[in-house]
Amino acid sequence: MADDDDASLDALPGGLRRMWSTARLTSRLGAKAAGRMLFRRTATDTEPATATETETAAAVAAATQLVAKMGQLKGLVMKAGQIASYMPGSLPPAAQQVMAQLQAQSAPMAFPRIADVLRAELGAAPGELFESIDAQPFAAASIGQVHRAVYRGRAVAVKVQYPGIEDLIRSDLKMVGVIARLSSVGSPIDGGALASELRDRLVEECDYVREAASQRTFATLLAAIPGSHVPAVVAERSSRRVLTTELSAARPLAELAAGTDQAARDRAGVIVFRSCFDLLWRRCIYNADPHPGNYLASAGGDVTFLDFGCVRRFEPSLIASWKLLARSILANDRAAFATQLDALGFIGKAKGFDFDYQLAAMRELYRPLLEPAFRFDAAFVARSFGTLMFDNPNKFRLAMPPAWLFLNRLQWGLYAVLAQLGATGPWRRIIDDALDAPLDPA
């Protein structure tokens with residue numbers, strides 16, 4: 001279907017129309033990645049060539065169109081674009097930089113509609129609820145947009161959910177569920193279970209009362225990590241579809257990453273890394289939405305954590321097994337590795353499973369823990385992702401336990417953030433401390 005055939009989409013149901021209208025543009029950006037997923041490179045193949053100027057220009061043009069389309073559609077479609085903006089893949093850097101706009105900006109909703117939500121949720125007009133509130137949002141994302149305001153003399157951020165967005169996401173998720181079940185037939189992947197995990201997490205994101213409770217929990221947990229901060233919730237101006245918090249004066253992480261203060265970038269990276277594994281491997285909980293737009297940083301590298309809608313709690317038994325798997329990888333213990341990989345439910349088809357390759361690929365993923373003074377960069381993230389995903393001979397034999405859907409997102413999102421910072425730090429010491437810590441579920 002050509003790009004100017006949008007009129008022919010009108011006959012499709014809403015969910016199909018939303019997905020198809022972006023799929024045409026997405027296919028231009030994802031064709032190379034799909035090819036790598038289907039055909040593993042042989043030992044004689046060379047690495048993919050750097051994109052030509054023509055290919056880069058085409059990818060940038062497609063990404064620009066995609067950002068405009070996703071910014072209008074919101075919901076699950078836009079969330080997928082946010083992930084593509086920072087996850088490793090085959091996008092030329094210039095195209096990925098365009099996609100990064102989706103991390104904090106999209107087409108804003110007109111303020112009168114936002115005012116209607118505030119009245120319905122909090123029982124009064126914006127001017128009665130706040131001493132002042134900006135009509136133009138300073139951030140607009142997949143589920144809601146954020147406005148600066150003043151409440152009782154202090155600056156606050158007011159996140160307001162788009163009207164009808166929960167119903168829209170539920171509709172999108174039904175379509176994703178159907179596709180996931182059909183596409184996983186005959187494979188070791190349980191598409192229905194993964195779709196259910198996705199649905200549970202994304203529907204939870206629409207409940208700002210739940211998010212406010214998670215934000216308070218993380219404020220308590222992260223207080224144990226020096227240099228971390230979580231904005232306080234303003235309960236009397238919050239509800240299921242409105243979340244008001246203190247407004248942080250810190251700047252976007254991307255600004256710190258673009259600066260020349262390596263010590264500050266390293267400090268921010270260490271704080272983000274430690275928060276991830278301390279909370280996972282000690283408290284069995286973490287925020288599973290680690291895209292760069294959800295972190296702010298001070299000039300000295302302190303980190304403010306934002307957006308606690310997608311919080312995942314894990315069974316202590318799963319975390320204990322994961323820690324055993326990590327120990328086997330660090331020790332290069334093939335027998336223990338095979339045992340733990342099976343115990344965690346990753347082996348979908350045992351016949352022909354290449355444990356040697358899988359262990360080597362996982363050690364590539366754990367390379368920051370195996371090399372002293374390791375510095376994260378985009379090349380490492382893309383290479384390790386390709387080794388485990390695109391080029392893995394086990395890719396059609398591996399299963400995906402539902403709980404790992406968001407753990408994988410967290411893993412690669414974390415690495416992408418550290419690569420953006422170009423951070424180096426005592427990664428192994430942090431991991432060893434977390435591995436040795438007893439489980440104390442939050």
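Helix H11 supplies the largest share of the lining of the largest cavity, giving three residues to it. This cavity belongs to a predicted model, and its volume comes to about 70 Å³. Its wall is formed by Phe273, Phe277, Trp281, Leu365, Tyr366, Leu369, Gln411, Tyr415 and Ile431. Two elements, helix H11 (262-283) and helix H17 (404-421), each give two or more residues to this lining. In chemical terms the lining is made up of eight nonpolar residues and one polar residue, with no charged residue present.

A probe the size of a water molecule, rolled over the atoms, shows where empty space is left. The count for this model comes to two cavities of 30 Å³ or more. The second largest cavity has a volume of about 40 Å³, and the residues that line it are Tyr286, Asn287, Asn294, Tyr295, Phe305, Leu306 and Phe308. Here the classes divide into five nonpolar and two polar residues, again with no charged residue.

A look at the chain as a whole helps to place these cavities. The chain holds 18 helices and eleven strands. Of its 442 residues, 51% are buried. Contacts that reach across the sequence can be described as well: of those between residues at least 6 apart, 72% join residues at least 24 apart.

Helix H12 is a good place to turn next. This helix covers residues 316-330, 15 residues in total, and spans 21 Å from its first C-alpha to its last, close to the 21 Å expected at 1.5 Å a residue. Its buried residues are Leu318, Ile319, Ser321, Trp322, Lys323, Leu325, Ala326, Ser328, Ile329 and Leu330. The cover over these buried residues includes H11, helix H13 (334-343), helix H14 (355-365), helix H15 (367-370), H17 and helix H18 (427-436). Both H11 and H17 thus appear in two settings, as part of the cover of H12 and as contributors to the lining of the largest cavity. Just after H12, Asn332 adopts a positive phi of about 55 degrees.

Among the strands, one open sheet has four members in the order S5-S10-S9-S7, and its pairing is mixed. Strand S5 (228-229) and strand S7 (251-252) form the edges; each has a single partner strand, so one side of each lacks a neighbour in the sheet. The pairing of S5 with strand S10 (residues 303-305) is parallel and rests on two bridges. Within this part of the sheet, His229 lies opposite Thr304 of S10. One residue of the second cavity's lining, Phe305, falls within the range of S10.

The loop that follows S10 also deserves a moment. Asp307 is located in the loop between S10 and strand S11 (311-313). Although Asp307 is not a glycine, its phi is positive, at about 65 degrees. With 23% relative accessibility, Asp307 counts as partly exposed.

A further set of pairings centres on strand S4 (residues 154-161). Six of the eight residues of S4 are buried, so this strand is largely enclosed by the rest of the structure. Strand S3 (residues 144-151) runs antiparallel to S4, and eight bridges join the two. One of these bridges pairs Gly144 with Gln161 in S4. S4 also pairs with strand S6 (residues 242-246), in the antiparallel sense and over five bridges. In that pairing, Val160 has Val242 in S6 as its bridge partner.

What kind of connection do S3 and S4 form? The two strands make a hairpin, with two residues between them. Arg152 is found in the loop that links S3 and S4. Phi of Arg152 is near 50 degrees, a positive value in a residue other than glycine. Is Arg152 buried or exposed? Its relative accessibility is 66%, and the cut-off for exposed is over 50%, so Arg152 counts as exposed. The turn residue Arg152 is therefore exposed, whereas six of the eight residues of the adjoining strand S4 are buried.

Key. Residues are numbered from 1 along each chain as its sequence is written. This is a predicted model: local features need pLDDT of at least 70, side-chain atom pairs count only at pLDDT 80 or more; totals for chains, interfaces and linings use all residues. Side-chain values use heavy atoms; hydrogens and water are left out. On a 1 Å grid over the protein atoms alone, a cavity is a set of points where a 1.4 Å probe fits but cannot get out, and a pocket is an open set with protein on both sides within 12 Å along at least five of seven lines; lining residues have an atom within 4 Å of a point. Grid points are joined across faces, edges and corners, and a volume is the space filled by probe spheres set on the points. Ala, Val, Leu, Ile, Met, Phe, Trp, Tyr, Cys and Pro count as nonpolar, Asp, Glu, Lys and Arg as charged, and the others, Gly among them, as polar. Two strands pair if DSSP finds at least two bridges between them. The expected span of a helix is 1.5 Å times one less than its number of residues. Buried means under 20% relative accessible area, exposed over 50%, partly exposed in between (1.4 Å probe, protein chains only). Contact means heavy atoms within 4.5 Å.
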